[in-house]
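Q: I would like to learn how to read a structure like the one shown here, one feature at a time. Could we start with the ligand and then turn to the backbone?

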Amino acid sequence: MCQRILTIETSCDETAAAVVTDRLDVLASVVASQDRLHERYGGVVPEIAARAHVERILPVIDETLRRGELKLADLDGIAVVNTPGLAGSLLVGVAAAKALCVATGKPLLAVNHLHAHIYACQIADRQNVFPCVGFIVSGGHTNLYHCVSPTQFRYLGGTIDDAAGEAFDKVAAMLQLPYPGGPSVSAAAAAGNAQKYPFPRPFLRDHNRLGFSFSGLKTAVRYAIAGTGKVDFSALQLSDRETADVAASFQEAVVDCLVGKAMLAVQQTGLGRLCVGGGVAANTLFRERLTTACRQVDTELHIAPPQLCTDNAIMGGLAIEHLKAGSLETLELDVLPGLVRGA
Ligand code: KG4
Ligand code: ZN
């Protein structure tokens with residue numbers, strides 16, 4: 001008999017649940033996106049996210065069990081992401097998981113969202129991917145780690161300001177493209193000239209520095225489309241061609257930085273294996289460039305399919321490792337919103 005874990009993910013603006021087995025089979029998965037609620041603000045509003053999680057969490061769990069043709073009694077554990085993320089959002093998932101554990105007597109397991117983004121590669125490719133260089137490129141993080149095991153990460157470097165996904169979202173807002181910005185900027189970029197604007201690539205030529213900075217790039221985009229004065233972006237009249245060229249040039253600059261530093265981490269660590277996760281890893285250009293770069297230096301690359309890169313609960317299947325190790329939580333489990341680097 002295999003073991004089955006219900007996993008719950010509410011760290012940001014996706015309310016998600018899944019059931020994953022100890023053989024890493026996915027029996028069911030549901031993701032309720034809140035994109036439409038946050039769209040008009042051009043980014044996630046924490047209070048709106050938390051309230052939406054409260055409304056959705058039980059229907060999402062119900063639907064997950066229904067799709068898996070499972071009852072709560074069929075589960076061997078209940079796992080929940082408790083770090084890092086938005087405090088109010090994390091609390092909803094943790095409270096739901098604790099309530100289910102009290103009601104059923106099942107073990108409670110805690111999942112680190114960053115570890116889970118890398119573990120998504122192990123679930124997708126059904127093979128051990130550790131040790132590896134782990135690269136998390138999302139709306140909140142752009143971090144490189146030496147991943148010793150599924151739950152032991154050593155920080156190698158990351159962004160000193162905006163995350164890559166955040167830069168996509170902010171540039172989308174400037175270009176009047178819909179939220180979330182990653183998919184809309186990359187769609188607009190398809191028709192653009194990526195060489196039109198020579199946007200900066202911070203630190204790219206510094207071969208000793210495993211770091212990123214995207215806020216200057218974002219400012220460069222602003223100056224390119226609106227000059228240096230005060231501006232009302234909603235009143236800007238950009239042609240489709242200008243929008244496409246800015247989007248393509250911006251995307252090219254971000255991808256150059258991401259691929260350059262990922263390969264520097266591979267070279268510095270000598271690990272020979274790179275695993276990538278987080279919403280920006282759904283980006284087609286990034287995936288293509290990284291595939292080529294890894295092939296050139298004979299490095300094994302694992303990137304989960306796009307739907308496993310953006311937030312989901314399947315990646316919480318990582319909790320199987322905790323169950324196997326007997327690493328269970330008590331009802332004292334708390335949320336740790338601000339774990340940015342440590343992992
Ligand atoms: O991992 P994720 O779903 O949530 C966080 O943990 O942050 O990542 C969301 C981020 C957003 O900033 C979104 O714009 C970006 O990932 N994103 C993309 C793409 N799809 C999502 N960025 C670039 N290209 C994409 N195709
Ligand atoms: Zn994420």
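**Reading the ligand site and the backbone**

A: This is a predicted model, and a good place to begin is a single pair of atoms: a polar side-chain atom of Asp 169 lies 2.7 Å from an oxygen atom of ligand 1.

Q: Which other residues place a polar atom 3.3 Å or 3.1 Å from an oxygen atom of ligand 1?

A: A polar contact is a pair of N or O atoms within 3.5 Å, and with that cut-off in mind we can add His 113, whose polar side-chain atom lies 3.3 Å from an oxygen atom of the ligand, and Gly 165, which uses a polar backbone atom at 3.1 Å.

Q: How much of the area that ligand 1 exposes when taken alone does the protein bury?

A: Taken alone, ligand 1 exposes 560 Å², and the protein buries 89% of that. The ligand sits in the largest pocket, and the elements that each give two or more residues to the shell around it are helix H4 (113-125), helix H5 (164-174) and helix H6 (181-189).

Q: How many residues surround ligand 1, and what classes do they belong to?

A: There are 20 surrounding residues, with Gly 139, Asp 169, Gly 182, Gly 279 and Asp 311 as the closest; sorted by class, the shell holds six nonpolar, 12 polar and two charged residues.

Q: Why can we say that ligand 1 lies between domain 1 and domain 2?

A: Because domain 1 (4-118 + 310-325) and domain 2 (128-308) both give residues to the shell around ligand 1, the ligand lies between them.

Q: Now for the backbone: where are the cis peptide bonds at Pro 84 and Pro 180 found?

A: As a general idea, most peptide bonds are trans. Here, a cis bond joins Thr 83 and Pro 84, with omega about -25°, and Pro 84 is in the loop between strand E4 (77-83) and helix H3 (87-104). The bond from Tyr 179 to Pro 180 is also cis, with omega near -5°, and Pro 180 is in the loop between H5 and H6.

Q: What is the phi of Glu 69, and is it positive or negative?

A: In general, most residues other than glycine have a negative phi. Glu 69, although not a glycine, has a positive phi of about 50°, and this residue is found in the loop between helix H2 (46-67) and E4.

Definitions and conventions: Residues numbered from 1 in each chain as written. Chains lettered and ligands numbered in written order. Predicted model: local features only at pLDDT ≥ 70, side-chain atom pairs only at ≥ 80, totals over all residues. Heavy atoms only, no water. Near = heavy atom within 4 Å. Polar contact = N/O pair within 3.5 Å; in protein donor to acceptor, adjacent residues only side chain to side chain. Areas by Shrake-Rupley, 256 points an atom, 1.4 Å probe, with all protein chains shown as cover. 1 Å grid on protein atoms, 1.4 Å probe; cavity = no way out; pocket = protein on both sides within 12 Å on 5 of 7 lines; lining within 4 Å. Sits in = over half its atoms within 2 Å of the grid points. Helix = DSSP H or I, 4+ residues; strand = E, 2+ residues; numbered from the N terminus. Nonpolar A, V, L, I, M, F, W, Y, C, P; charged D, E, K, R; others polar. Domains from an automatic or database assignment.
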